[in-house]
Each structure stands twice: as structure tokens, then as C-alpha cells.
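Student: I'd like to go through some of the labels on this one. Can we take them one at a time?

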Amino acid sequence: GDELKEMKEQVCPSPLTCFEQVTVTSTNTTRGRIFRLTGMMYVRTWAKNKMSYEFREVREWMEWIFYGGAEHIFIYDNCQTPDECLLTCLAPYIRKGLVTYIQWHPPENHHEAQIHGLTNWLQKYGSTTEWQLTMDIDEYPVMRGDIEADFLLRLIQQHRCSIYFQNQFFLDLFKPKQKGEFLMERFLRRDKNYERYPSRSK
């Protein structure tokens with residue numbers, strides 16, 4: 001419909017006019033609330049990455065997580081230059097209290113920074129939520145037999161502690177991105193040898 005078309009055509013606003021070389025900059029909008037379910041993503045968007053991730057992919061992921069029932073999302077942005085920073089793009093979500101933005105670029109490699117970002121979240125924001133969903137930008141939780149809104153909330157009602165998601169690897173991720181194409185639309189074929197990959201805790 002019109003809403004879907006508008007989402008596909010949206011262009012990220014202009015990047016920040018200045019870039020502070022600090023380790024962490026936080027825009028906390030939790031406002032003392034305790035959430036039933038939140039999402040957390042560590043991400044860097046830049047033009048030369050192999051998967052061509054931009055703000056539109058970040059927004060697509062967030063909208064899916066919100067659709068699943070999350071009330072709030074924490075974005076750890078590993079931006080390295082002003083034009084990579086997502087703060088301006090995320091401003092509408094921040095103003096509505098839906099997103100807490102953390103500018104996160106400690107001097108480690110990508111994977112170590114991601115792990116330390118999660119540790120930082122647990123220390124600073126872990127008490128703000130009952131359940132936390134942590135996934136990468138190209139990882140989408142899907143429930144077989146339940147595709148209605150708030151499907152993640154119905155899932156956690158069946159568990160007490162933690163949930164393990166089975167990874168399903170798909171091909172065609174590195175094919176050229178088409179204009180207006182959603183990231184999920186690039187997942188066309190499941191890897192026939194997907195069983196060789198172990199499950200991961202998410």
C-alpha cells in the first residue's frame with residue numbers, strides 16, 4: 001500500500017554536520033521504563049561494505065522487530081565518519097521514545113567491539129527490560145505458523161529463561177541490490193547445506 005511505498009522510497013536525511021571523536025555517545029530515551037521486550041543491534045553502515053547496508057536496511061530491521069512486539073530498540077552505531085552516523089536518521093524514533101542511540105566505536109576489531117557493546121548494554125540497560133533480542137542486521141526472527149503482529153511476545157510467554165534460534169542460511173545475499181528492494185527480498189534460496197552450521201544463541 002501507500003505506507004509500504006513510502007517506506008521503500010524514504011531517503012535518509014543529511015548526515016551530522018560534525019563528528020565527535022569520542023568512544024561512546026548515548027541518547028537514552030528509556031525514561032525509566034521497564035519493557036517486556038527490547039531489541040539490540042550493533043551496526044555500521046558504509047558505502048563500500050559488501051552487502052551495501054544503509055539506513056534503509058536498519059529501518060527495515062527495526063520495523064520488523066517492532067512488528068514482532070518489541071517496545072524499544074537499542075542501536076549501537078559503530079560509525080567511523082560523519083556520513084556513516086545514524087543519529088540524524090534515527091531522530092524520529094528517538095523523539096518518540098522508541099530508540100536509544102549509542103555511538104560506539106572503541107579501538108577493537110569489529111567482533112570484539114560487538115561483544116563489548118553487548119556487555120555495555122547488559123551493564124547499563126539490562127535492568128530496563130525483561131527480555132532482550134540481540135541480532136545482526138541481516139538476521140530476522142521468524143515463527144513458523146505465526147506471522148501476525150506481536151509474534152515475539154507470544155513466543156516469550158512460552159519460556160522462562162532464554163530462547164535459542166536455529167540459524168537458516170540463505171543465498172543470493174551478495175547479489176546487486178535493486179532500487180527499492182527490501183533486504184528480506186534478497187533472501188531467495190536457502191543453502192542446501194545449512195545443516196552444517198550450528199545453532200547460535202540469540
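Tutor: Sure, starting with burial: buried means under 20% relative accessible area, exposed means over 50%, and partly exposed is in between, using a 1.4 Å probe and protein chains only. This is a predicted model, where local features need pLDDT of at least 70 and side-chain atom pairs count only at pLDDT 80 or more, while totals for chains, interfaces and linings use all residues. Residues are numbered from 1 along each chain as its sequence is written, and side-chain values use heavy atoms, with hydrogens and water left out.

Student: Why is D146 called buried?

Tutor: Its relative accessibility is 18%, and the cut-off is under 20%, so D146 counts as buried.

Student: What makes D146 and R154 a salt bridge?

Tutor: The term needs a side-chain nitrogen of Lys or Arg within 4 Å of a carboxyl oxygen of Asp or Glu. The closest N and O atoms of D146 and R154 are 2.8 Å apart, so the pair qualifies.

Student: And why is R154 called partly exposed?

Tutor: R154 has 31% relative accessibility, which falls between the two cut-offs, so partly exposed is the label.

Student: Why does Q158 count as exposed?

Tutor: Q158 comes out at 61%, and exposed means over 50%, so the label follows.

Student: What makes Q158 and R154 a polar contact?

Tutor: A polar contact is a pair of N or O atoms within 3.5 Å; within protein, one must be able to donate a hydrogen and the other to accept it, and residues adjacent in sequence count only if both atoms are side-chain atoms. The side chain of Q158 reaches the backbone oxygen of R154 at 3.3 Å, so the distance fits.
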